[in-house]
Amino acid sequence: IWANLAELELLGYTKTEYLGKSIVEFHNDKDAIISLLSRLQKGEVIKNFPAQLISKTGSIKDVLINSSAYQKNGKFIHSRCFTRDITDFKKEEKQKAKKYSQELNHMFMQSPFALTIFKGDDFVIELANDKALEIWDRTSEQVLNQKTFDVFPELIGQGHKQILESVYSTGTPYIANEIPLQLLRKGKLAD
């Protein structure tokens with residue numbers, strides 16, 4: 001490795017700690033850097049390759065790498081690399097995403113309509129707002145992180161499982177104004 005002062009300062013290493021070492025040692029994702037080096041050896045120009053570098057303190061620095069190979073007589077000699085620190089940008093993006101997720105979750109939970117989010121092909125109930133819980137006559141402890149048809153086995157024979165499976169497998173929305181639904185409430189099937 002050869003490096004300029006800016007890269008050494010970014011990672012906190014001295015020249016003797018950094019120069020002459022394999023770049024692989026300083027990358028958090030070893031497979032990614034090996035792939036990048038392989039692409040460079042084939043003569044590919046790399047633009048905005050996302051990577052994570054390990055600083056001297058052990059903290060992870062998110063970076064974008066632009067790189068190309070210097071070849072002589074068709075032989076790879078070394079790569080020229082420009083590394084841009086995007087750690088603060090990534091942190092800011094994560095904070096924005098978290099805030100957006102919290103706001104969306106708040107709106108979801110406050111909706112006057114019954115709303116539910118299912119996850120995966122076994123339709124695990126990831127979120128259910130108060131209106132849904134009221135209609136189901138269940139608590140969040142009884143339904144969250146549970147498979148829908150384990151919680152509501154009575155739905156299987158009513159065609160709802162087939163509808164959800166079709167939407168999940170095809171990505172095609174199912175649109176209806178109203179569909180009959182019977183749930184077991186207080187020990188009896190009820191509309």
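A nonpolar surface patch, as the term is used here, is made of residues that have over 30% relative accessible area and no salt bridge, with nonpolar side chains joined within 5 Å. Keep that definition in mind during this tour, and remember throughout that the structure on your screen is a predicted model.

**First stop: a patch on the surface**

Begin by selecting Tyr 100, Leu 104 and Met 107, and show their side chains, because by the definition above these residues make a nonpolar surface patch of about 350 Å². If you then colour helix α4, which covers residues 87-110, you will find Tyr 100 within that helix. Is Tyr 100 buried or exposed? Its relative accessibility is 55%, and since exposed means over 50%, Tyr 100 counts as exposed.

**Second stop: the largest pocket**

Next, select Phe 118, Trp 136, His 160, Ile 179 and Leu 181, which, of the 26 residues lining the largest pocket, lie nearest its centre. The volume of this pocket is about 850 Å³. To see which parts of the chain surround it, colour β4 (116-119), α5 (130-136), α7 (148-151), α8 (160-170) and β6 (183-185), each of which supplies at least two residues of the lining. Which of the elements gives the most to the lining of the largest pocket? That element is α8, with 5 residues. If you now colour the lining by class, you should be able to pick out 19 nonpolar, 4 polar and 3 charged residues.

**Third stop: pairs of charged side chains**

Side chains of opposite charge can pair when their charged atoms come close. In this model the count comes to 8 salt bridges, and a few of them are worth selecting one after another.

- Select Glu 44 and Arg 39, whose side chains meet in a salt bridge with an N to O distance of 2.7 Å. Glu 44 is partly exposed, with a relative accessible area of 35%, and Arg 39 is likewise partly exposed, with a value of 28%.
- Select Glu 126 and Lys 119, where the side chains meet in a salt bridge at 3.7 Å, again taken from N to O. With a relative accessibility of 35%, Glu 126 counts as partly exposed.
- Select Lys 147 and Asp 122, which form a salt bridge whose closest N and O atoms are 3.8 Å apart. Lys 147 lies in the loop between α6 (140-143) and α7, while Asp 122 lies in the loop between β4 and β5 (124-128), so this pair ties together parts that are 25 residues apart in sequence. Both partners are partly exposed, Lys 147 at 40% relative accessibility and Asp 122 at 30%.
- Select Glu 92, Glu 93 and Lys 96, and you will have a network of linked salt bridges on your screen.

**Fourth stop: two loops with a positive phi**

Now select Asn 73 and look at its backbone, which has a positive phi of about 55 degrees although the residue is not a glycine. Asn 73 lies in the loop between β2 (60-72) and β3 (75-85), and at 81% relative accessibility it counts as exposed. In that loop between β2 and β3 you can also select Gly 74, which is exposed, with a relative accessible area of 67%. If you draw a distance from the C-alpha atom of Gly 74 to that of Gly 43, you should read 9.1 Å, although these residues are 31 residues apart along the chain.

Then move to Phe 123, in the loop between β4 and β5, which also has a positive phi of about 55 degrees without being a glycine. Is Phe 123 buried or exposed? Its relative accessible area is 5%, and because buried means under 20%, Phe 123 counts as buried.

**Last stop: two distances to draw**

Select Ile 46, which belongs to strand β1 (residues 46-54) and is buried, with a relative accessible area of 2%. From its C-alpha atom to that of His 106, which is 60 residues away along the chain, the separation is 42 Å.

Finish with Gly 187, placed in the loop between β6 and β7 (188-190) and exposed, with a relative accessible area of 65%. Draw the C-alpha to C-alpha distance between Gly 187 and Val 143, and you should find 17 Å in space for two residues that are 44 residues apart in sequence.

Definitions and conventions: Residues are numbered from 1 along each chain as its sequence is written. This is a predicted model: local features need pLDDT of at least 70, side-chain atom pairs count only at pLDDT 80 or more; totals for chains, interfaces and linings use all residues. Side-chain values use heavy atoms; hydrogens and water are left out. On a 1 Å grid over the protein atoms alone, a cavity is a set of points where a 1.4 Å probe fits but cannot get out, and a pocket is an open set with protein on both sides within 12 Å along at least five of seven lines; lining residues have an atom within 4 Å of a point. Grid points are joined across faces, edges and corners, and a volume is the space filled by probe spheres set on the points. Helices (H or I, at least four residues) and strands (E, at least two) are DSSP runs, numbered from the N terminus. Ala, Val, Leu, Ile, Met, Phe, Trp, Tyr, Cys and Pro count as nonpolar, Asp, Glu, Lys and Arg as charged, and the others, Gly among them, as polar. Patches are made of residues with over 30% relative accessible area and no salt bridge: like charges are joined within 9 Å, nonpolar side chains (Val, Leu, Ile, Met, Phe, Trp, Tyr) within 5 Å. Accessible areas come from the Shrake-Rupley method with a 1.4 Å probe; for residues, only the protein chains shown count as cover. A salt bridge is a side-chain nitrogen of Lys or Arg within 4 Å of a carboxyl oxygen of Asp or Glu. Buried means under 20% relative accessible area, exposed over 50%, partly exposed in between (1.4 Å probe, protein chains only).
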